[in-house]
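Open the model in a viewer and keep the sequence panel beside it. The stops below say what to select and what is found there.

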Amino acid sequence: MTPTENAPPPDPGDPAPRPARHRRPVARRRMLAWLAVGTVAAVTGGEVLRQSLADAKTRRPAPPLPATASPAPSAEHTHGAPPPSPSEPPPPVDESGRRWSDPAGWGGAVPGPTTAVRIADRVLLDTDAAVGSLLIEPTGSLVFAREQTLALASAGNVEVRGSLALAPTGAAIHTLRFPKVDEKRFQGGGMALVGSDTGLWVAGTGYLRLDGAAKTAWVRAATALKPGETTIKLSTAPEGWRAGDELAITPTLAPDTDGFSTAYDYATVRSVDGATVTLDAPLRRAHPRVAVGAGLTLGAEVLNLTRTVRVEGTAEGRAHIHITSSRHADVRHAALRWLGPRAAGKDKWNGQPVTEPVLGRYGLHFHMLADSSRGTVVEGVVVRDTGNHAFVPHASHGITFRSCISHETWEDAYWWDGPLDTRTPQGPSDDIAYDACVASRTVFEPNPRAYRLTGFSLGAGSGSSARGCVAVGVQGATGASGYEWPETSEGVWTFERCLAHNNLENGIFVWLNAQHHHTVAQFVAYHNGGWGIEHGAYLNDFDYLSSVLYGNASGGVAVHALGREKGTRFDGLLIDAAGQSDYAVATAKHQLAGETVTISRCRMTGYRKAGVAFRADPEGKPDDIAVLDCEFGGNEVWLDPEAPAPKRILFRKAGQGQAVALSKPGTAPTAVPQWNAASTPADAPPVQKAVAPLTLTLPDAASRTTRTQP
């Protein structure tokens with residue numbers, strides 16, 4: 001579990017509370033003079049630290065762009081209250097302010113790289129600039145000139161309480177850069193700006209617009225890709241791709257291949273002709289298309305990592321973005337790079353010190369906005385090369401993430417704060433939507449300790465959804481996965497048409513004692529190094545429907561948990577082990593006695609020993625499993641001789657009328673020697689529907705996105 005910002009201290013009676021790291025007092029900071037219209041005061045020498053002059057009780061509203069724009073409701077909304085009315089569409093960017101390059105607007109001297117700048121009026125950035133720090137007051141705005149390629153570098157914090165807009169046109173590129181971040185000085189924390197924690201802070205009623213040129217975030221390859229090739233045929237012509245764009249091509253190799261979860265290719269676009277992309281250098285690795293079954297053949301995802309709006313630290317010093325403003329941010333088609341700082345940890349691995357993430361300092365962090373964030377849309381955003389979580393809607397409701405990419409991210413990529421310990425429920429974020437988002441190459445330090453690392457942490461809350469998403473290249477150790485339903489963090493999600501492939505461990509990992517019923521539909525997992533689905537904790541009710549599990553190294557499904565009330569059901573699955581595993585399905589330790597787990601109308605093939613293996617740990621509770629009306633491509637079932645006598649195992653093969661109950665050998669006649677089980681006739685639920693051919697489709701490209709303003 002992970003400590004939360006603003007969380008109460010752990011109960012001293014808890015025998016093993018999780019420490020809340022980085023919750024140190026905020027250091028006292030000295031006040032600096034500000035440079036603004038009518039006031040000239042330059043601060044030189046040393047690093048610039050500052051504290052906002054704005055008092056939380058006397059903040060003025062953010063200036064409209066133009067005055068007809070409607071601000072978002074106050075952050076005082078609480079969960080459960082009626083959601084605020086949608087705000088009007090963002091207005092055109094106003095470039096009418098005074099020019100940054102005009103010395104007269106600054107009292108005679110343009111700000112320099114050691115100047116603490118305060119803006120209380122409208123300013124148009126019309127030249128590259130460097131400052132010591134920047135505060136945009138509630139009455140102020142800073143707009144990058146739309147037709148120019150511009151960069152603003154800040155040695156210290158950029159705090160937005162007014163408006164900041166980066167919205168280039170054509171081929172122009174807008175960059176906000178933090179070139180002098182010292183990660184060793186970060187303190188971490190919750191709501192308040194911390195002077196030493198250099199990054200972009202949007203607070204009060206501040207408005208942030210990152211609005212780059214729209215482009216297709218990712219597309220699947222239409223053909224197998226081979227080493228030495230310099231062209232890629234895509235499944236559809238991408239929008240907005242240009243020469244110079246950086247691409248990451250995901251691995252698709254089988255898990256018995258060395259480096260199967262890390263075999264990425266990186267390339268730069270030389271030209272684009274419809275659906276054909278020519279690269280600047282040949283591919284180094286093979287990326288085969290994989291026929292997973294159910295009429296579905298999948299190519300590698302080709303991720304476009306380039307955007308015309310960029311917010312970045314450096315590889316040596318990572319910044320962050322922290323949003324507490326009650327006004328909706330517009331974050332679209334931006335590349336957020338070298339964010340998410342890390343700090344020296346207390347632990348060592350193999351004699352070497354390891355780092356840990358700084359609490360509250362993430363790639364894109366919506367922090368405790370409650371209902372005031374409802375209606376926020378984050379589209380086409382890339383968070384890459386980031387040392388901490390990528391997308392964090394923490395206690396912030398109603399945010400849609402569409403066609404976003406996390407690539408080369410440390411810690412869980414899509415996440416919000418977990419509970420302090422296993423006795424404390426996670427705080428909810430409601431109505432979060434992940435639409436065609438990608439978690440790619442999620443990592444941890446060191447990897448052998450990356451237990452339950454995941455691409456998408458499907459946390460607590462209601463009304464949330466994940467549709468058409470991809471988790472690929474997630475690293476980690478035991479329990480790591482593309483998608484996780486985490487412990488003490490129950491959320492009710494609509495989860496459909498998602499894909500997990502070439503993750504080092506599992507496709508899905510569930511470790512949840514659920515109070516609600518959950519449904520996973522049309523899920524595809526292929527070439528993962530663990531299970532397609534590892535379903536655990538003690539008691540829960542899940543339905544896994546119409547899904548495909550192909551070529552996963554451990555097998556298709558591992559069943560730890562038994563049912564809570566209605567029982568868990570795996571219905572209509574195609575499980576093809578593709579020669580990678582001994583079993584298609586295997587049971588494991590059941591911690592508590594519960595309701596029946598039913599495996600029905602499934603097709604199982606490609607395994608080496610048996611379709612379903614009953615391998616419950618001798619120390620656990622006995623199996624209570626019904627395998628009904630399934631088709632098999634070999635030996636159907638196998639009862640581990642070391643397993644305890646089952647409570648109940650019902651078996652009826654597809655097309656048979658009579659079910660049998662399996663038991664330990666010698667307790668009844670042995671039905672089939674390779675089952676290693678005795679069998680007797682038994683009553684079973686009637687056949688509902690015959691096994692029918694499963695046909696699935698997944699999106700071959702990211703969802704289409706548009707920019708806030710043309």
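**Stop 1: a cavity and its lining**

Select Ile323, Ser325, Ser326, Arg327, His328, Ala329, Phe366, Leu369, Ser372, Ser373 and Thr376: these residues line the second largest cavity. Keep in mind that this is a predicted model. The volume of this cavity is about 40 Å³. How many cavities of 30 Å³ or more are there? The count comes to 2. Colour the selected lining by residue class, and it divides into 4 nonpolar, 6 polar and 1 charged.

**Stop 2: the parallel sheet**

Next, select the strands β35, β38, β41, β44, β47, β50, β53 and β55. These 8 strands form an open sheet in that order, with parallel pairing. Where does the sheet end on either side? The edge strands are β35, residues 454-457, and β55, residues 637-639, and each of them pairs on one side only. On average, neighbouring strands of this sheet are turned by 15° against each other, direction ignored.

Now narrow the view to β35 and β38, the latter being residues 481-485; 3 bridges pair them in the parallel sense. Show the side chains of Phe456 and Tyr483: Phe456 stands opposite Tyr483 in β38. Then pick Ser457, whose bridge partner in β38 is Glu484.

Is β38 mostly covered or exposed? Of its 5 residues, 5 are buried. On to the next pairing: β38 also pairs with β41, residues 506-511, in the parallel sense, over 4 bridges. Select Trp485 to find one such contact, as its bridge partner in β41 is Val510.

While the strands are on screen, a general point may help in reading them. Strands of a sheet pair through backbone hydrogen bonds, either parallel or antiparallel. In a regular strand, the side chains alternate between the two faces of the sheet.

**Stop 3: the antiparallel sheet**

Clear the selection and pick β13, β20, β15, β16, β17 and β14. Here 6 strands form an open sheet in that order, and the pairing is antiparallel. Its edge strands are β13 (218-220) and β14 (231-233), each paired on one side only. From one strand to the next, the twist averages 35°.

For a detail of this sheet, select residues 246-249, which are β15, and residues 265-273, which are β16. The two strands run antiparallel and are joined by 4 bridges. Which residue of β16 is the bridge partner of Ala248? Select Tyr266 to see that partner.

Notes:
Residues are numbered from 1 along each chain as its sequence is written. This is a predicted model: local features need pLDDT of at least 70, side-chain atom pairs count only at pLDDT 80 or more; totals for chains, interfaces and linings use all residues. Side-chain values use heavy atoms; hydrogens and water are left out. Two strands pair if DSSP finds at least two bridges between them. Axes are lines fitted to C-alpha atoms, for helices over the stretch in contact, and angles run from 0 to 180 degrees between N-to-C directions. Buried means under 20% relative accessible area, exposed over 50%, partly exposed in between (1.4 Å probe, protein chains only). On a 1 Å grid over the protein atoms alone, a cavity is a set of points where a 1.4 Å probe fits but cannot get out, and a pocket is an open set with protein on both sides within 12 Å along at least five of seven lines; lining residues have an atom within 4 Å of a point. Grid points are joined across faces, edges and corners, and a volume is the space filled by probe spheres set on the points. Ala, Val, Leu, Ile, Met, Phe, Trp, Tyr, Cys and Pro count as nonpolar, Asp, Glu, Lys and Arg as charged, and the others, Gly among them, as polar.
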